[in-house]
Amino acid sequence: MLSKRIIPCLDVKDGRTVKGVNFVDLRDAGDPVELAWNYSQQGADELVFLDITATVERRKTMVELVKSVARQINIPFTIGGGINEIADADALLNAGADKISINSAAVRNPALIDELARAFGVQFVVIAVDTRVIAGKNIVHLNGGRVPTEKETLDWIMEAESRGAGEILLTSMDHDGTKAGFDNRFLKEVNNAVNIPVIASGGAGSVQDFIDVFKQSNVDAALAASVFHYGEILIPDLKKVLRANNIEVREV
Amino acid sequence: MNEIKQESNLRDTSPFRGPGGIGIIQYGAGNIFSLTAALERLGIPYGMINKEEDFEQYDRYIIPGVGHAGAAMAKLEHTGLVPSIKALKKPVLGICVGMQLLTSYSEEGDSKLLDLFPIKTLKFAGDTNFKVPHTGWNQVFPEMGNALFENIPNGSHFYFVHSYFIEYNVTYTLSSTTYINKFSASIMRDNFYGVQFHPEKSGAYGETLLKNFSKI
């Protein structure tokens, strides 16, 4: 059977991981490649790197990061953060990235999704969507959930799929950081509406939250950052419990 | 152009360049950075095949490939290497679309392919319960004993990304996977092998498979 995927997310700035890491004997906790390698050894199924470098050198630093990761890591990974044009994506593909994740740039210019899918194939194009509920409706937000748009989230996700998105990374900003569980109800609605994989993000606090998101929404993958980085949940333990709950996961 | 530049840089700087290794057939269908990185991690010598004379330098060959099978076949034909590939007697491994090229036909683009295997590449039937492309880690079950799967337990997970699959065939299917239907996860005929999954992205078992191929 096709496995449900567990995906640690690493925030990277100027080639270094920015969130604190406190779970294994890392020589250098700020080295994204060493951290990524550790996660792959633990049984992570995939990795997402979110590059928040804000300098003019950003494309160069992202390409260097992707090359170092591709040299060392034997599982698929996605790179996101500030990808605005075909040339950015092309450089990252050639550096060994399996997928790129686009957020604000796609909202501002939806035709970018069509262009990327045509140039590189749908499997390369992950659309990241930050959603927050306003007056009972899920609305797409930009800039890490601070800036609301006019778009209803489900409409935008359907549009992204029809334009050539190969996967949706959906972060609930209302749940993000709460450690109170994923937004299972909305994830189920989105997952039922599309025919491409959905990655759940925002709210992971316990092993039970992962069981719930897979059982209740049937999404393809679940992403988290701090619970993994701080060692609150160890991936081998998580997978053991998921398997005991009849959720198909990869054994390593 | 970027892609070609990248690959030729790699070729020029690789410490593993040289005879006796794996020749990767270059025809411009997809990026091979991750594949060459995996070979380097494993210490398997490799180089690039751009023209007919390059074949004799290597003991085995990989046909990589992602994207559209019909477009990939057109690019492969454009290299002029097709007659040499069909005549190869040393081990050949097609990966993903590179595997599909070994079959007779693909529904993708209604394309005639290399016909080294008299079986077809078909599109997954639309089904509301199954998303297409088939994306992620799925289990692979050997259908017969083979050195390619040595030290890889039955039912190990490999990483797949594909919308078309090679039909199951009792003679040529080396291992199978089930998604919507049972299909060929890998095939073998004489010296020709193909894998639908990406061994270079399939963790430790993927690396074991590449290592096994380097010894066949």
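## Charge and surface of chain A

Chain A carries 27 positive and 35 negative side chains, and the centres of these two sets are 1 Å apart. The structure described here is a predicted model. About 10100 Å² of chain A is accessible surface, and carbon and sulfur atoms account for 47% of that area.

## Overall fold of chain A

Ten helices and eleven strands make up the secondary structure of chain A. With a radius of gyration of 17 Å, close to the 18 Å that the globule rule gives for 252 residues, chain A is as compact as a globular protein of that length. Along the principal axes, its C-alpha atoms fill a box of roughly 45 × 40 × 35 Å.

Of the 252 residues in chain A, 59% count as buried. Among the contacts in this chain with a separation of 6 or more, 64% join residues that are 24 or more positions apart.

## Helix H8 and its surroundings

Helix H8 of chain A spans residues 207-217, and its buried residues are A:Asp209, A:Phe210, A:Ile211, A:Val213, A:Phe214 and A:Ser217. The cover over these buried residues includes three strands of chain A, namely E1 (5-13), E10 (198-201) and E11 (221-224). Helices of the same chain also contribute to that cover, including H7 (184-193), H9 (226-229) and H10 (235-244).

After H8 of chain A comes A:Asn218, a residue with a positive phi near 60°.

## A:Val12 in strand E1

Strand E1, which is part of the cover over the buried residues of H8 in chain A, contains A:Val12. The relative accessible area of A:Val12 is 0%, so this residue is buried.

Beyond its neighbours within four places in sequence, A:Val12 is in contact with A:Thr17, A:Val18, A:Pro32, A:Phe49, A:Leu50, A:Asp51, A:Ile52, A:Thr53 and A:Leu65. A:Val56 is 44 residues from A:Val12 in sequence, and their C-alpha atoms are 16 Å apart in space.

## Interface between chains A and B

The interface involves 28 residues of chain B, which are in contact with 34 residues of chain A. The size of an interface is often given as the accessible area lost when the parts come together. Between chain B and chain A, the buried area is about 2600 Å², and carbon and sulfur atoms give 51% of it. B:Lys131, B:Trp137 and B:Lys201 supply 29% of the area that chain B buries against chain A, more than any other three residues.

## Backbone features in loops

In chain B, the peptide bond from B:Val132 to B:Pro133 is cis, with omega near 5°. B:Pro133 is located in the loop between strand E7 (117-123) and strand E8 (134-142) of chain B.

Positive phi values occur at residues other than glycine in both chains. In chain A, A:Lys179 has a phi of about 55° and is placed in the loop between strand E9 (167-172) and H7. A:Lys179 counts as partly exposed, because its relative accessibility is 35%. In chain B, the phi of B:Asp110 is near 50°, and this residue is found in the loop between strand E5 (103-106) and strand E6 (111-112). B:Asp110 is exposed, since its relative accessible area is 57%, and the cut-off for an exposed residue is over 50%.

How values were computed:
Residues are numbered from 1 along each chain as its sequence is written. Chains are lettered from A and ligands numbered from 1 in the order in which they are written. This is a predicted model: local features need pLDDT of at least 70, side-chain atom pairs count only at pLDDT 80 or more; totals for chains, interfaces and linings use all residues. Side-chain values use heavy atoms; hydrogens and water are left out. Helices (H or I, at least four residues) and strands (E, at least two) are DSSP runs, numbered from the N terminus. The radius of gyration is taken over C-alpha atoms; the globule rule is 2.2 Å times the number of residues to the power 0.38. Buried means under 20% relative accessible area, exposed over 50%, partly exposed in between (1.4 Å probe, protein chains only). Contact means heavy atoms within 4.5 Å. Accessible areas come from the Shrake-Rupley method with a 1.4 Å probe; for residues, only the protein chains shown count as cover. Lys and Arg count as positive and Asp and Glu as negative; His and the chain ends are not counted. The place of a charge is taken as NZ of Lys, CZ of Arg, CG of Asp or CD of Glu. Buried area is the accessible area (1.4 Å probe) that two parts lose on being put together, summed over both.
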